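Please open the structure in your viewer and keep the selection tool at hand, since this tour moves from one selection to the next.

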Amino acid sequence: MAGILNKLRNLDAYPKINEDFYSRTLSGGVITLLSSFVMFLLFFSELRLYLHTVTETKLIVDTSRGETLRINFDITFPALACSILSVDAMDISGELHLDVKHDIIKRRLDSNGNTIEARQDGIGATKIEKPLQKHGGRLEHNETYCGSCYGAEAEEHDCCNTCEDVREAYRKKGWGVTNPDLIDQCKREGFLQRVKDEEGEGCNIYGFLEVNKVAGNFHFAPGKSFHQSGVHVHDLLAFQKDSFNISHKINRLTYGDYFPGVVNPLDKVQWSQDTPNAMYQYFIKVVPTVYTDIRGHTIQSNQFSVTEHVKSSEAGQLQSLPGVFFFYDLSPIKVTFTEEHISFLHFLTNVCAIVGGVFTVSGIIDAFIYHGQKAIKKKMEIGKFS
């Protein structure tokens, strides 16, 4: 047993020196204090890094299929009334969403930007005081109302009971409403009068669109949209105006949900129109992004970059449709962010490296100073005797 203990004693890599042989110096004490301070400073820095999460970033090919893209928006038009503002969305797959109303709220604003009214899109309720029937007579007692679509009926028994119904039937036919006052439903609802009453007002429109995850565009423009000979146009004649001010402020625009660190470059962007009519275009590159937090909760979202372009035209010359257009395309590369902690073994390794490294370096410095002092002292003694 004693032999085994002796062999273990011979393996000691840290031989002890008797305290009688120690030589303590002032410089050694100063170096010990400084090295201890540096050691604690580096230790707490490493501890802070260990306690906080780090985010690992990876780039992978986006292989997802059949998903949808949610576009959240909040845009203010200080000089465009809510009654003439419409939202359309379309994509390269051929899917159209014209004059979108669901999941969208409009707030009428006065000239100072104060809210007058907030409501879902739409003109309003029909007033039923002997409206004109489809057969040409006026609505009589105990008779069911069925308004005319003025030749835009898809089927013989179709009815258009509101101004909005007539405009929608015209849109499906690819027609434009030139004079709403000639349409009984619009005249009774006071369509043109409502437009005139809202002249000089602004509109704050907010909500979201759910579109296919393919390249496409959505836009905000005056008038009801329809397709005519394969071309997307808006019915502007109904408003009897030759110019539209599309100055706007983008309060918020996101593709998907918020995640930590995301930067949306169009938030708080503002543009003022100098010409009577203009088409303002934003060309957006959407990058699919997946963010996984430290608890394993995953957020499927997107980042995007943007460039801008403006097309202008003179009053009465609508070479381009006035409005704000957002053209988006998707990147084939997906970015993944993953929150994670540094492992305890990694933390322990770094702490050992700090302690050992500082101790070794301070020992080298101390040895250099100690032997330097001895050499200088020895030369001074030799100089005295000589």
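Is Asp103 buried, partly exposed or exposed? Select Asp103 in this predicted model, and with a relative accessible area of 39% it counts as partly exposed, because that class runs between the cut-offs of 20% and 50%. Asp103 sits in the loop between strand 4 (96-97) and strand 5 (104-109), and although Asp103 is not a glycine, its phi is positive, at about 65°.

Next, select Lys268, which is found in the loop between strand 11 (248-255) and strand 12 (269-271). Here too the residue is not a glycine, and yet the phi of Lys268 is positive, at about 70°. Lys268 is exposed, with a relative accessible area of 58%.

From the loops, go to the N-terminal residues and select Met1, Ile4, Leu5 and Leu8, which form a nonpolar patch on the surface and together have about 470 Å² of accessible area. Within this selection, colour Ile4, which belongs to helix 1 (residues 2-10). Ile4 has a relative accessible area of 53%, and it is called exposed because this value is over 50%.

Now turn to the pockets, and begin with the largest pocket, whose volume is about 630 Å³. To find its centre, select Gly28, Thr32, Phe359, Gly363 and Asp366, which lie nearest to that point among the 17 residues of the lining. Then show helix 2 (26-51) and helix 6 (344-385), each of which supplies at least two residues of this lining. Which helix gives the most to the lining of the largest pocket? That is helix 2, with seven residues. If you colour the lining of the largest pocket by class, you should find five nonpolar, ten polar and two charged residues.

The last stop is the second largest pocket, which holds about 220 Å³ of space. Select Glu67, Thr68, Gln300, Ser301 and Asn302, which are the closest to its centre of the 14 residues that line the second largest pocket. Strand 2 (68-77), strand 13 (277-292) and strand 14 (298-313) are the elements that give two or more residues to this lining, so these three strands are worth showing as you look around the second largest pocket. Coloured by class, the lining of the second largest pocket has two nonpolar, six polar and six charged residues.

Conventions. Residues numbered from 1 in each chain as written. Predicted model: local features only at pLDDT ≥ 70, side-chain atom pairs only at ≥ 80, totals over all residues. Heavy atoms only, no water. 1 Å grid on protein atoms, 1.4 Å probe; cavity = no way out; pocket = protein on both sides within 12 Å on 5 of 7 lines; lining within 4 Å. Points joined across faces, edges and corners; volume = space filled by probe spheres on them. Helix = DSSP H or I, 4+ residues; strand = E, 2+ residues; numbered from the N terminus. Nonpolar A, V, L, I, M, F, W, Y, C, P; charged D, E, K, R; others polar. Patch = residues over 30% accessible without salt bridge, like charges linked within 9 Å, V, L, I, M, F, W, Y side chains within 5 Å. Areas by Shrake-Rupley, 256 points an atom, 1.4 Å probe, with all protein chains shown as cover. Salt bridge = Lys/Arg side-chain N within 4 Å of Asp/Glu carboxyl O. Buried < 20%, exposed > 50% of the residue type's maximum accessible area, 1.4 Å probe, protein only.
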